[in-house]
Every structure is written in structure tokens, then in C-alpha cells.
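Visitor: I should like to learn how to read the features of a protein model. Could you guide me through one, step by step?

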Amino acid sequence: MKALAQSLHNVKTFISPVDFYRSELPAMPAPRGGGWRDGGLCPFHPDRHAGSFRVNLLTGAFTCFSCGNKGGDIIAFIQQRDGLSFPEAVQKLSNEWGL
């Protein structure tokens with residue numbers, strides 16, 4: 001449990017939502033500032049029209065106004081996109097970002 005807590009701390013501290021979404025959503029328009037921004041095409045459904053998927057570059061939250069998928073941070077994004085549990089998503093982010 002202590003290892004999960006440390007990994008969670010590392011993910012929250014060292015992975016910025018801006019860097020995360022730039023990496024995970026390469027088609028996302030270049031961000032200008034923080035807050036809610038256009039995230040490009042939604043990765044949770046076969047989206048063909050940009051504009052309904054939004055990401056918050058300060059908190060990591062995301063929402064799709066088309067399919068209704070949403071979450072509060074980058075961990076929730078990985079959980080939902082990859083079908084992982086919370087600990088699995090934290091571990092995946094830790095591994096992929098070298099934390």
C-alpha cells in the first residue's frame with residue numbers, strides 16, 4: 001500500500017496535465033494557457049468531429065459532450081481508456097513516465 005501511495009504522489013507531482021495530454025492526444029490543438037481546452041477527437045468513441053472532447057490542462061479532468069465519458073484527472077483517463085483499476089492505472093503511468 002505504501003508503494004501505491006508513493007507512486008500516486010509521483011504521478012500527481014511529476015506528470016503535468018499539459019505534457020500528458022500532448023503525449024496521449026497528438027492530434028489535440030496546441031494548448032494556449034490553462035483551464036478547459038479543445039482535446040481534439042474523443043478517444044472513447046469513434047469520433048469524427050472535433051469539438052466535443054475537452055480537457056482541463058490545470059487539473060487533468062476531461063469530458064466528452066458527445067459520448068458522456070468524463071473523469072477528474074489523468075489517472076481516470078488511463079483507467080477508462082485502457083480498462084484498468086486505479087492501482088493498475090497509477091502503476092502504468094509511473095512506468096511509462098519513468099517515475
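Guide: Let us begin with a term. Helices here are DSSP runs of H or I with at least four residues, and they are numbered from the N terminus. By that reading, E24 has its place in helix α2. Please keep in mind that this is a predicted model.

Visitor: Which side chain does the side chain of E24 meet in a polar contact?

Guide: The partner is the side chain of R81, at 2.4 Å. Leaving aside neighbours within four places in sequence, E24 is in contact with F77 and E96 as well as R81.

Visitor: How should I read a sheet, and in what order do the strands lie in this one?

Guide: In general, the strands of a sheet pair through backbone hydrogen bonds, and they may be parallel or antiparallel. In this model, four strands make an open sheet with antiparallel pairing, in the order β1-β2-β3-β4. Its edge strands, β1 (36-38) and β4 (70-71), each pair on one side only.

Visitor: How many bridges join β1 to β2?

Guide: There are three, and β2 covers residues 53-56. As an example, R37 has V55 in β2 as its bridge partner. V55 also has contacts beyond four places in sequence, among them Y21, L25, M28, W36 and F62.

Visitor: What lies in the loop between β1 and β2?

Guide: One residue to find there is H45. Not counting residues up to four places away in sequence, H45 touches C64, S66 and C67. The C-alpha atoms of H45 and G68 are 9.9 Å apart, although 23 residues separate the two along the chain.

Visitor: How do I recognise a nonpolar core, and which residues of the largest one touch the most other members?

Guide: The general idea is that in soluble globular proteins, nonpolar side chains tend to be buried together. Here the largest nonpolar core has 22 residues, and those touching the most other members are F20, Y21, F53, V55, F62, F77 and L93. Two or more residues come from each of α2 (17-24), β2, β3 (62-64), α3 (74-82) and α4 (86-96). The largest share, five residues, is given by α3.

Visitor: Which residues of α3 are buried, and what do they pack against?

Guide: The buried residues of α3 are I74, I75, A76, F77 and I78. They pack against α1 (2-14), α2, α4 and the strands β2, β3 and β4. At the N-terminal end of α3, D73 acts as a cap, with a side-chain oxygen 3.1 Å from the backbone nitrogen of I75. Just after α3, G83 takes a positive phi of about 65°.

Visitor: How many aromatic pairs does a search of the whole structure find?

Guide: It finds eight. In one of them, Y21 and F77 meet edge-to-face, with 5.5 Å from centre to centre and 90° between the planes. Since Y21 belongs to helix α2 and F77 to helix α3, the pair ties together parts that are 56 residues apart in sequence. Both Y21 and F77 are buried.

Visitor: How is the pair of F62 and F77 arranged?

Guide: That pair is edge-to-face, at 5.4 Å centre to centre and with 90° between the planes. It links distant parts of the chain, 15 residues apart, with F62 in strand β3 and F77 in helix α3. F62 is buried, as is F77.

Visitor: Which residues form the one aromatic cluster with F62 and F77?

Guide: The others in that cluster are F20, Y21, F44 and F53.

Technical notes. Residues are numbered from 1 along each chain as its sequence is written. This is a predicted model: local features need pLDDT of at least 70, side-chain atom pairs count only at pLDDT 80 or more; totals for chains, interfaces and linings use all residues. Side-chain values use heavy atoms; hydrogens and water are left out. Two strands pair if DSSP finds at least two bridges between them. A nonpolar core is a set of buried Ala, Val, Leu, Ile, Met, Phe, Trp, Tyr and Cys residues joined through side-chain atoms within 4.5 Å. Buried means under 20% relative accessible area, exposed over 50%, partly exposed in between (1.4 Å probe, protein chains only). Contact means heavy atoms within 4.5 Å. Rings of Phe, Tyr and Trp (its six-membered ring) pair if their centres lie within 6.5 Å; planes under 30 degrees apart count as stacked, over 60 as edge-to-face and the rest as tilted. A polar contact is a pair of N or O atoms within 3.5 Å; within protein, one must be able to donate a hydrogen and the other to accept it, and residues adjacent in sequence count only if both atoms are side-chain atoms.
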